[in-house]
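Reader: Hi! I'm in my first year and still learning to read these pictures. Could you pick one part of this structure and take me through it slowly, with its surroundings?

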Amino acid sequence: MTGGPEPISAEGLRAAQEELAQLRADRGEVAATLRGVEPVGDRADAADELQRASEVTRLDRRIAELEGRLREAAVAGAPSTEVVGVGSTVTVRFGDGAEETVEVSEIAEEREQTLVTFDSPLGKALLGRRAGETVHYETPSGAASAVVLSVGRGAD
């Protein structure tokens, strides 16, 4: 993203917390099956045990990743109103004169048309920019540009 601790949008925070809760529940279920297993009897049992142990490891990695992201977001605090970052609301004027206010987010939600993910072409172009700057990015239709009119904080 921008190199330092990144704020997180309200939607990104909600999604990360929900995913973390689900991962912890899944890990608990899988780990419980490891504790209650009889001594390994045949190769199929050994393979099953190994697969469950690998799943616990995978879940642990993702849990640690999300916990780190949430810690980083807490350290970063609210998004800046000076420079576009994750969690910022940005009002832009596109080349055709249309103006739109979007929120730069970590996640895309189909129901929310005003979210722009930080890794989308427009999102990448907006990160680190200030009001008054022009950004250039690629769309499926070709090159596009927009002027950043204002930067604010996302809705909580």
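Author: Sure, and one term has to come up front: pLDDT is the predictor's confidence in each residue, on a scale from 0 to 100. You need it because this is a predicted model. Within the chain, the strand S4 has the highest confidence, with a mean of 94, while S3 has the lowest, at a mean of 80. For the chain, the average pLDDT is 82, and 79% of the residues score at least 70. Keep in mind that where pLDDT is low, the predicted coordinates should not be read in detail.

Now a quick map. The chain has 3 helices and 5 strands, and going along the sequence you meet them in the pattern α-α-β-β-β-α-β-β. Of its 156 residues, 34% count as buried. As for contacts between residues with a separation of 6 or more, 56% come from residues 24 or more positions apart.

Let's pick strand S1, residues 88–94. Is it mostly covered or mostly open? Covered: 5 of its 7 residues are buried. S1 has partners to look at, too. With S5 it pairs in the antiparallel sense over 7 bridges, and there you can find Val92 standing opposite Val148. With S2 it also pairs in the antiparallel sense, over 5 bridges. Two spots to click on are Thr89, which stands opposite Glu103 in S2, and Thr91, whose bridge partner in S2 is Thr101. How do you get from S1 to S2? They form a hairpin with 4 residues between them, and in the turn Gly97 has a positive phi of about 95°.

Follow S2 onward and you reach the next neighbour. S2 and S3 run parallel, joined by 3 bridges. Ser105 stands opposite Thr117 there, and Thr117 belongs to S3, which covers residues 115–117. Thr117 counts as buried because its relative accessible area is 15%, and the cut-off for buried is under 20%. Its side chain also has a polar contact of 3.0 Å with the side chain of Asp119.

Now for what S1 helps to build. In soluble globular proteins, nonpolar side chains tend to be buried together. Here the largest nonpolar core has 18 residues, and the ones touching the most other members are Val90, Val104, Leu122, Leu126, Val135 and Tyr137. Which elements give two or more residues to this core? They are S1, S2 (99–105), helix H3 (121–126), S4 (134–139) and S5 (142–153). Leu122 makes a nice place to zoom in: leaving aside neighbours within four places in sequence, Leu122 is in contact with Phe94, Val116, Val135 and Tyr137. Apart from this core lies another one, of 10 residues, including Leu20, Leu23, Leu59 and Leu66.

Finally, zoom out to the surface. The chain exposes about 9,200 Å², and carbon and sulfur atoms supply 50% of that. Then go back to S1 and trace its pairings again, with S5 over 7 bridges and with S2 over 5.

Technical notes
Residues are numbered from 1 along each chain as its sequence is written. Side-chain values use heavy atoms; hydrogens and water are left out. A nonpolar core is a set of buried Ala, Val, Leu, Ile, Met, Phe, Trp, Tyr and Cys residues joined through side-chain atoms within 4.5 Å. Buried means under 20% relative accessible area, exposed over 50%, partly exposed in between (1.4 Å probe, protein chains only). Contact means heavy atoms within 4.5 Å. A polar contact is a pair of N or O atoms within 3.5 Å; within protein, one must be able to donate a hydrogen and the other to accept it, and residues adjacent in sequence count only if both atoms are side-chain atoms. Two strands pair if DSSP finds at least two bridges between them. Accessible areas come from the Shrake-Rupley method with a 1.4 Å probe; for residues, only the protein chains shown count as cover.
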